[in-house]
Amino acid sequence: MNAPTTATPQTTADHPTTVRSVEWIGGLDGHVRLIDQTQLPEKLVYIDARDVATLWDAIKRLCVRGAPAIGIAAAMGIPLALQQEASADGNALRACARRAAEYLATSRPTAVNLFWALERMQRVLDDPALTDAADLRSALLDEARRIRDEDAAMCRAIGEFGEPLIPDNGAVLTHCNAGGLATAELGTALAPIYIARAKGRAVRVFADETRPLLQGARLTAWELQQAGVDVTVLCDNMAAQVMRAGQVDLVITGADRIAANGDAANKIGTYGVAVLAAAHQIPFYVAAPASTFDLATPTGDDIPIEHRSPDEVACGFGRRTVPAGVACYCPAFDVTPAALIRGIITDRGLISPVTRENIAARIGT
Ligand code: MRU
């Protein structure tokens, strides 16, 4: 029922540069289709998730990953869960949906988009006007689809606001994957690059490979290659030398959660890149939609950081590279202090300088 399916890339109509990482197939009795990102770049394989357990597992194992894509997938998990509840009783449906939301919330802790999306679904569940069971089911599916469509629009806006920051023939260094695979469409960090390309401008990208799971090498390089963008992969320890050689004009990364003061959690290694950028006077930007801000979290110190299995470091991709019995450290994210961030490119415009006040003014309304 949930076996992976292979298929040709489904490109978006208006932006043929990106693929659909997560979407709802069919109507109320439909299902969630995900690109299994663990299989890229070797195979483009889809997972058809027809129950919440499959979806939870896909999020946990990073088959679907990237903060916005995780949020969209979790939201779609709610109408999916209701397919297992035959009752026409509103209370029974609401209880089923709440159980699913609580379960999905345990999949990954750092990306706030997951919790933001589930809160949006919760607001639909709390709507007292939805007394009819069929209406409730439809409203939940509509909301999940709206979250996806809004994310696509936010990515486009980020692209438009970020594109002027890239100089002609400029080179952008990025870390991890904050592209179409990580979102509904264009991505966050990669959106300005796609928009620059769509406007006929030349742009080059350095993609950090991003140990231990290689989202930069496997995913960013794959989707930029699909889009015909000039991309060069660097081992993470090469970024300093490339910057020192004057080959990087700016850095743009995504974010998984941005605290009220502008400290930004993103893939492990991002903080190091920001320190390197500062040392070489290279502007370091974070690109993120409003849904990635967590104004209830005062600073980066308060952001929960996911720790993953040490085997991801010791036995990456099936090959043991650390002696058995040796400890490995495996935080999935780190926090870049606001002071190192030149600006945050949001769907509501550029926030610069990155201060608590500027964030509250742009995002807090
Ligand atoms: O562990 P991952 O692959 O989900 O981490 C993803 C990142 O850190 C991305 O850079 C971030 O979510 C931004 S995605 C637009």
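What share of the 365 residues in the protein chain is buried? I looked that up before anything else. Buried residues make up 58%, where buried means under 20% relative accessible area with a 1.4 Å probe, protein chains only.

A note to self on the source: this is a predicted model, where local features need pLDDT of at least 70, side-chain atom pairs count only at pLDDT 80 or more, and totals for chains, interfaces and linings use all residues. Residues are numbered from 1 along each chain as its sequence is written, and side-chain values use heavy atoms, leaving out hydrogens and water.

Next, overall shape. I found that the C-alpha trace spans about 65 × 50 × 40 Å along its principal axes. The radius of gyration (over C-alpha atoms; the globule rule is 2.2 Å times the number of residues to the power 0.38) is 20 Å, which agrees with the value near 21 Å for a compact globule of 365 residues.

Then I checked contacts, meaning heavy atoms within 4.5 Å. Of those with a separation of 6 or more, 74% are between residues 24 or more positions apart.

Last, cysteines. A disulfide is a pair of cysteine sulfur atoms within 2.5 Å, and I got zero by this rule. Why does Cys63 have no bond? Its closest cysteine sulfur, in Cys176, is 15 Å away, so that is too far. Cys63 counts as buried because its relative accessibility is 0%. For Cys176, the closest cysteine sulfur is in Cys330, 13 Å away, also too far for a bond. Cys176 has 7% relative accessibility, so I put it down as buried.

Note on methods: Buried < 20%, exposed > 50% of the residue type's maximum accessible area, 1.4 Å probe, protein only.
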